[in-house]
Structure formats: structure tokens, C-alpha cells
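Grab a coffee and open the structure in your viewer. The exercises below each set a task and then walk through a solution.

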Amino acid sequence: MKWTAVTEHRAKLGEGPFWDEPTQALYWVDIAGKQALRLIGKNVQIWQMPEHISAFIPTQSGDALVTLSSGVYRLDLDSPGLEPRLKLLCMADPQPGNRANEARCDALGQLWLGTMQNNIGEDGEDLPIERRSGGLFRVGGDGRVMPLLRGLGIPNTLLWSPDGTTVYFGESLDGTLYRHFIYPDGKLAPAEVWFGPHSRGGPDGSAMDARGYIWNARWDGSCLLRLTPDGQVDRVIELPVSRPTSCVFGGEDLKTLYITSAASPLGHPLDGAVLSMRVDVPGMACTRFAG
């Protein structure tokens with residue numbers, strides 16, 4: 001498959017791609033660089049955040065959510081990039097020393113947020129992970145928080161089955177993608193192993209296509225794995241970056257796959273770029289936050 005870098009921008013730790021169908025805009029973040037980025041056409045807008053940021057998601061109200069270390073905030077998209085106007089929505093995880101990581105909205109527009117021990121220093125340097133202090137939380141449109149899981153190390157991948165009864169959830173410290181049945185009251189059943197450790201890197205973020213296959217970015221694996229609904233490797237998509245971090249389907253027909261990536265010690269020229277490639281199957285559309 002042919003790929004291209006969508007901008008010249010290079011992130012320290014690119015993550016959280018979101019495709020907004022109504023505006024044909026790509027949202028993503030640089031966690032370590034503390035930046036929220038939006039691409040419309042060829043124009044890139046950057047909002048500099050005061051803290052590490054893990055997700056940047058538009059809302060039904062016309063602003064956007066940003067998941068920062070100290071909480072989930074609303075960002076005024078008309079505010080200047082160097083002086084963003086932020087308003088606290090909620091503090092999903094009150095655990096000191098944690099930060100936000102994976103965050104996606106389900107089909108109802110509820111935000112699911114995974115948190116972890118902060119592993120990024122003030123200058124963007126890596127810090128060791130010494131505890132599984134993270135959790136998984138669901139935030140409703142009114143800002144109310146429901147805790148779902150505790151004791152997480154590095155939460156990655158949040159996707160839902162087409163019927164909404166199952167959530168796919170990654171724990172990078174285990175190298176494993178799990179699935180949980182979602183009870184009618186919103187709580188989660190115990191985890192089932194869906195896809196275990198693989199030789200091509202560790203599991204990071206993912207996207208789901210219209211056939212229910214999951215495209216999983218492989219940290220330190222220089223590839224995506226396309227996984228069948230029953231957790232088998234369907235294909236390996238080689239990439240020119242060392243550390244792909246996540247992906248999302250976009251474009252007018254949802255057949256353009258956007259892939260975020262991070263810098264690495266190998267120093268490949270495209271590490272940290274957002275790549276795009278045309279694929280043969282459309283993806284599932286992203287959902288804005290319901291609030």
C-alpha cells in the first residue's frame with residue numbers, strides 16, 4: 001500500500017487520531033509535546049496545552065474535549081493556539097501521579113478514558129512505569145463519571161462491537177488485547193483474552209473497519225496488524241515508521257487510513273509523522289462527544 005505524510009509536522013508522541021465527518025477534519029495530539037492539532041484541507045492548527053494531552057475530540061456543542069493530566073476539559077476552538085481557553089468538565093481519575101492516555105467516544109457519544117501512571121518528564125523524556133495505578137472511566141455528556149476498571153498499566157485501544165455489547169481494550173504492559181462484555185447497566189464483565197502477544201511489537205491504538213476487523217498499531221513493530229473478528233492475523237501492513245501509535249479511518253468515503261506515530265531512538269525520517277494510505281474497505285465513523 002502506498003502511504004504519504006499528511007503534513008511536515010513531526011510529533012514527539014503522536015496519538016489519538018479522530019476523523020470528524022461533518023467538517024472533514026483530522027484531529028490528533030502530541031502527548032509529550034503538549035499539543036492539540038487539527039488538519040482541515042492542508043491547513044494545520046495547533047493549540048499549545050499547559051499539560052500532557054492524550055485526546056482531542058470535537059463535541060456536539062461545537063467545541064472540543066481535551067484529556068489532560070489534571071482532568072477532562074472543554075477547549076474553545078476559536079481561542080488562540082498559544083492562549084487556549086479551557087473549562088474543566090470533570091476529573092475522571094483523581095489518583096495523584098496519573099495521566100490520561102487512550103480516549104475514544106462510543107456510538108452514544110460517551111467518552112471512555114484510560115489513565116496510567118505518568119511516564120513523561122517535563123522535557124518529554126521517558127520515565128519508568130513502576131505501578132499499575134491507572135483505570136478506565138466512562139464520562140457521559142453531562143460530565144458524570146463512571147469508573148469501570150482499576151489497576152491498569154498502559155491502557156490502549158478502545159473499540160466497540162457493531163452491536164455495542166462488547167468493548168475491545170488493550171493493556172500494553174501485557175502485550176494483549178482483551179474484550180469485555182458490557183452489561184445492560186453499563187458495567188463490564190471480566191476480561192477475556194482476544195489477541196495475545198505477537199512478535200511484531202506491542203499493541204497500541206486501533207481502528208475498526210466496516211467488516212468488524214481491527215487494525216492495530218504495533219509500537220516498535222513498524223506495522224499495523226489487521227485482525228479478524230475472532231482475533232486472527234489477517235494481514236500485516238508494513239510502515240516506514242518505528243513506532244506507529246494509532247489509526248483512524250477518514251476521507252469522504254472512510255477509505256483513507258490515517259496513522260499517528262512517535263519519535264524513536266532509531267531516528268527514521270518519518271518517525272512522529274501522520275501517515276495516510278488508501279485502503280480497500282471503509283472504516284467505522286468516529287462519534288463526537290455527546291455533550
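## Warm-up: the annotated region

UniProt, in an unreviewed entry, places the feature "domain: SMP-30/Gluconolactonase/LRE-like region" at residues 13-262. Keep in mind that this is a predicted model.

**Exercise 1. Work out how much of residues 13-262 is helix and how much is strand, and how far apart the end C-alpha atoms lie.**

Solution. Start with the secondary structure: the span is 0% helix and 54% strand. Then check the two ends, whose C-alpha atoms lie 4 Å apart.

**Exercise 2. Find the order of the strands in the open sheet that contains β6, and name its edge strands.**

Solution.
- Step 1: the order is β6-β7-β8-β9, four strands with antiparallel pairing.
- Step 2: look for strands that pair on one side only, which gives β6 (53-58) and β9 (86-90) as the edges.
- Step 3: for the twist, neighbouring strands in this sheet are turned by 30° against each other on average, direction ignored.
- Step 4: zoom in on β6 and β7 (residues 64-68), an antiparallel pair with five bridges. Within β7, Leu65 is the bridge partner of Ile57.

**Exercise 3. Classify the ring pair Trp112 and Trp160, and say whether each residue is buried or exposed.**

Solution.
- Step 1: a pair of aromatic rings is described by the distance of the centres and the angle of the planes.
- Step 2: the centres of Trp112 and Trp160 are 5.4 Å apart and the planes sit at 70°, so this pair is edge-to-face. The cut-off you need here is an angle over 60 degrees.
- Step 3: place the rings. Trp112 belongs to strand β11 (residues 111-117) and Trp160 to strand β14 (residues 155-160), so the pair ties together parts 48 residues apart in sequence.
- Step 4: buried means under 20% relative accessible area. Trp112 comes in at 1%, so it counts as buried; Trp160, at 14%, counts as buried too.
- Step 5: check what else touches on Trp112. The charged end of Arg138 sits over its ring, 5.1 Å from the centre.

**Exercise 4. Do the ring-pair analysis for Phe181 and Tyr183.**

Solution. The centres are 5.7 Å apart with 80° between the planes, an edge-to-face pair. Now the exposure: Phe181 has 43% relative accessibility and counts as partly exposed, and Tyr183, at 37%, is partly exposed as well.

While you're hunting rings, the model has eight aromatic pairs in total. Phe18, Tyr27, Trp47 and Phe56 make up one aromatic cluster. Over at Tyr213, the charged end of Arg226 sits over the ring, 3.8 Å from its centre.

**Exercise 5. Explain why strand β23 (residues 256-262) is described as largely enclosed, and find its strand partners.**

Solution.
- Step 1: count the buried residues. Seven of the seven in β23 are buried, so the rest of the structure largely encloses this strand.
- Step 2: recall that in a regular strand the side chains alternate between the two faces of the sheet.
- Step 3: sort the side chains. Thr256, Tyr258, Thr260 and Ala262 point one way, Leu257, Ile259 and Ser261 the other, and all are buried.
- Step 4: one partner is β22 (residues 243-250), antiparallel to β23 over seven bridges. Ser246 has Thr260 as its bridge partner in β23.
- Step 5: inspect the turn. β22 and β23 form a hairpin with five residues between them, and Gly251 in that turn has a positive phi of about 80°.
- Step 6: another partner is β24 (residues 275-278), joined to β23 by four bridges and running antiparallel. Here Thr256 stands opposite Arg278.

Terms used. Residues numbered from 1 in each chain as written. Heavy atoms only, no water. Pairing = 2+ DSSP bridges. Axes fitted to C-alpha atoms, helices over the stretch in contact; angles between N-to-C directions. UniProt positions renumbered as here; feature names shortened; annotations may be inferred. Phe/Tyr/Trp six-rings, centres within 6.5 Å; stacked < 30°, edge-to-face > 60°. Buried < 20%, exposed > 50% of the residue type's maximum accessible area, 1.4 Å probe, protein only. Lys NZ or Arg CZ within 6 Å of the ring centre and 35° of its normal.
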